[in-house]
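Please open the structure in your viewer and keep the selection panel at hand. The stops below say what to select next and what is found there.

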2 protein chains.
Amino acid sequence: MAAQTRFDLLRVVLVATRNPLNLGAAARAMSNFGFVRLRVVNPYQVAFREARSAIGASEVLKNAEEYGTVAEAVADCTLVVGTTAVGHRELQHPLRRLEDGGRLIRKQLGRKQAGAGRVALVFGSEKFGLSNEDFSHCHWLLHIPTSEENISMNLGQAVAVCLYELVRDAKAVRLTEKQAVATAGEIERITDLLRDAMCASGYLKRRPTRDGEERVRRLLRRLGLPARDVRAWLGILRQILWKLRHPESPAR
Amino acid sequence: MAAQTRFDLLRVVLVATRNPLNLGAAARAMSNFGFVRLRVVNPYQVAFREARSAIGASEVLKNAEEYGTVAEAVADCTLVVGTTAVGHRELQHPLRRLEDGGRLIRKQLGRKQAGAGRVALVFGSEKFGLSNEDFSHCHWLLHIPTSEENISMNLGQAVAVCLYELVRDAKAVRLTEKQAVATAGEIERITDLLRDAMCASGYLKRRPTRDGEERVRRLLRRLGLPARDVRAWLGILRQILWKLRHPESPAR
């Protein structure tokens with residue numbers, strides 16, 4: 001339930017978006033990461049109509065709410081965060097990198113009952129970003145850590161990256177359990193076969209070492225051989241060994 | 001220099017991409033996050049030509065290398081990671097969430113000299129993703145933690161999110177220094193003015209409290225008033241106080 005609330009509390013606010021593909025992409029990223037509340041402020045009307053009527057337009061886009069001003073779009077939110085590519089104007093606002101700002105937003109969204117509040121994450125137009133007027137409605141600004149050579153991100157990609165930061169789980173562990181490895185007994189059976197094969201092939205005679213057997217054993221133990229592959233390896237080595245010993249026989 | 005190396009060691013490999021916009025978006029995200037080496041495998045030729053010749057096509061795209069097979073595109077890499085939306089087929093490979101997989105890739109890219117190796121991050125086509133044949137060239141698979149309701153991400157957005165994870169800095173702190181707050185002396189001057197204004201307005205007479213002065217003081221100290229705003233607050237309160245005391249005078 002907490003997770004539901006959290007996703008329900010975030011409003012993605014797109015200001016003056018011009019390209020229907022970007023509206024669609026932003027909605028798709030929201031859907032990918034489980035966010036549902038899209039608000040558009042003063043969008044280019046053709047773009048908004050086109051995006052909404054596009055084949056495969058998401059529920060997110062269909063349910064998008066339209067506002068005339070940023071003030072109206074964020075009126076019910078307790079935290080308003082603007083996004084910026086930085087550097088193109090003197091910022092009068094506190095500026096946070098996404099890693100740090102994302103943490104603060106997650107905190108706000110995760111608060112229990114009374115403390116919890118709606119958060120608006122505001123994105124400007126493709127060409128101009130957010131204006132100083134737009135910024136004045138924000139508590140602070142967020143900045144994706146881009147390379148200095150190219151700070152301007154595509155709108156849909158910027159939305160995707162920000163939302164990913166909000167859902168990413170620092171404690172995430174592997175979804176798959178650690179691969180089960182073969183037992184010592186299984187490896188020993190494989191070792192035997194490999195050593196026999198090395199012997200039968202003449203390898204050990206041509207490259208004799210004092211510690212031949214141990215060497216083969218170490219070689220195999222360094223592989224971290226998966227348990228599921230033991231049968232396959234045994235089969236392969238048995239077949240090779242058989243052929244080494246019966247070179248003239250037709251394949252069995 | 002270490003950073004340079006790190007960005008230089010990653011190859012983004014796009015397999016059988018069909019949409020020129022996605023090729024462009026992937027290249028743009030690479031440029032945003034400082035990665036330069038794009039490889040395309042068997043792209044839809046029209047898309048590749050269109051994307052490369054598009055106005056504003058990035059250097060990344062212009063320098064993209066074309067390969068006929070995944071095997072050739074990853075041949076010089078020591079770690080090959082495939083991306084998948086999961087769930088649409090039985091995976092025979094270890095699968096890691098982006099948070100965890102990203103950590104392993106960063107580790108590989110950050111290794112010094114002998115240990116460092118090129119890493120291929122492989123993305124499949126928009127419609128089908130990577131095939132089992134493609135997967136067989138990968139050491140393990142990466143999965144962006146999407147919502148179960150919509151696991152299929154746009155290609156350009158998936159590339160952007162993965163690359164962000166590689167550059168994100170868990171230790172990133174605020175770019176701006178903590179906002180300097182007003183000194184006790186400054187706050188006391190503001191307190192005086194506010195108390196006088198409260199008095200002049202009749203507020204304190206109508207709502208008398210035993211600890212009037214202390215209460216105002218606490219009120220102001222809870223604000224965390226920024227140093228830069230002290231002059232403005234003093235000016236505002238002085239003006240209000242003056243008007244309260246000279247209601248009939250024309251504005252000064």
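Begin by colouring chain A by pLDDT: this is a predicted model, and chain A has an average pLDDT of 84, with 90% of the residues scoring at least 70. For the complex, the predictor reports an ipTM of 0.73 together with a pTM of 0.74. Next, select residues 173-177 of chain A, where pLDDT stays under 50 and where the model has nine contacts beyond four places in sequence. Where pLDDT is low, the predicted coordinates should not be read in detail.

**Chain A as a whole**

Switch to a cartoon view of chain A, whose secondary structure comes to twelve helices and seven strands. Chain A has 252 residues, of which 38% count as buried, and among its contacts between residues at least 6 apart in sequence, 84% join residues at least 24 apart. To see how the chain is divided, colour residues 2-167 as domain 1 and residues 184-245 as domain 2, following the domain assignment of chain A; the centres of these two domains, taken over C-alpha atoms, are separated by 59 Å.

**An enclosed strand**

Now select strand β4, residues 79-83 of chain A; five of its five residues are buried, so the strand is largely enclosed by the rest of the structure. If you show the side chains, you can follow how both faces of β4(A) are covered, with A:L79, A:V81 and A:T83 buried on one side and A:V80 and A:G82 buried on the other.

Add strand β6, residues 119-123 of chain A, which runs parallel to β4(A) and is joined to it by four bridges; within this pairing, A:V80 stands opposite A:A120 of β6(A). Then add strand β7, residues 140-143 of chain A, which is also parallel to β4(A) and is linked to it by three bridges, and look for A:L142 in β7(A), the bridge partner of A:T83.

**Two loop residues**

Move on to A:A16, in the loop between β1 (10-15) and α2 of chain A, where a residue that is not a glycine has a positive phi of about 55°. Is A:A16 buried or exposed? A:A16 is buried, because 21 other C-beta atoms lie within 10 Å.

Then select A:N42, placed in the loop between β2 (37-41) and α3 (45-53) of chain A; its phi is near 50°, again a positive value in a residue other than glycine. A:N42 has 17 other C-beta atoms within 10 Å and is therefore partly exposed.

**Where the chains meet**

Bring chain B into view and select the interface, in which 35 residues of chain A are in contact with 35 residues of chain B. The elements of chain A that give two or more residues to this side are α2 (20-33), β5 (95-97), α6 (98-110) and α8 (155-167). Coloured by class, the side of chain A that touches chain B shows 15 nonpolar, twelve polar and eight charged residues.

If you superpose the copies, chain A can be laid on chain B with an RMSD of 0.2 Å by a turn of 180° and a shift of 0.2 Å along the axis. That is the relation of a two-fold axis. Of the interface residues of chain A, 100% are also interface residues in chain B, so the copies meet through the same surface.

**A last stop in chain B**

Finally, select B:K205 in helix α10, residues 203-206 of chain B; B:K205 counts as exposed, with 9 C-beta neighbours inside 10 Å. A distance drawn from C-alpha to C-alpha between B:K205 and B:V13 spans 75 Å, and these two residues are 192 residues apart in sequence.

Key: Residues are numbered from 1 along each chain as its sequence is written. Chains are lettered from A and ligands numbered from 1 in the order in which they are written. This is a predicted model: local features need pLDDT of at least 70, side-chain atom pairs count only at pLDDT 80 or more; totals for chains, interfaces and linings use all residues. Two residues are in contact if their C-beta atoms, placed from the backbone, lie within 7 Å. Ala, Val, Leu, Ile, Met, Phe, Trp, Tyr, Cys and Pro count as nonpolar, Asp, Glu, Lys and Arg as charged, and the others, Gly among them, as polar. A residue is buried if 20 or more other C-beta atoms lie within 10 Å of its own, exposed if 12 or fewer, and partly exposed in between; C-beta atoms are placed from the backbone. Two strands pair if DSSP finds at least two bridges between them. Copies are superposed by least squares on the C-alpha atoms of residues with pLDDT of at least 70 in both. Domain bounds come from an automatic or database domain assignment. pLDDT is the predictor's confidence in each residue, from 0 to 100.
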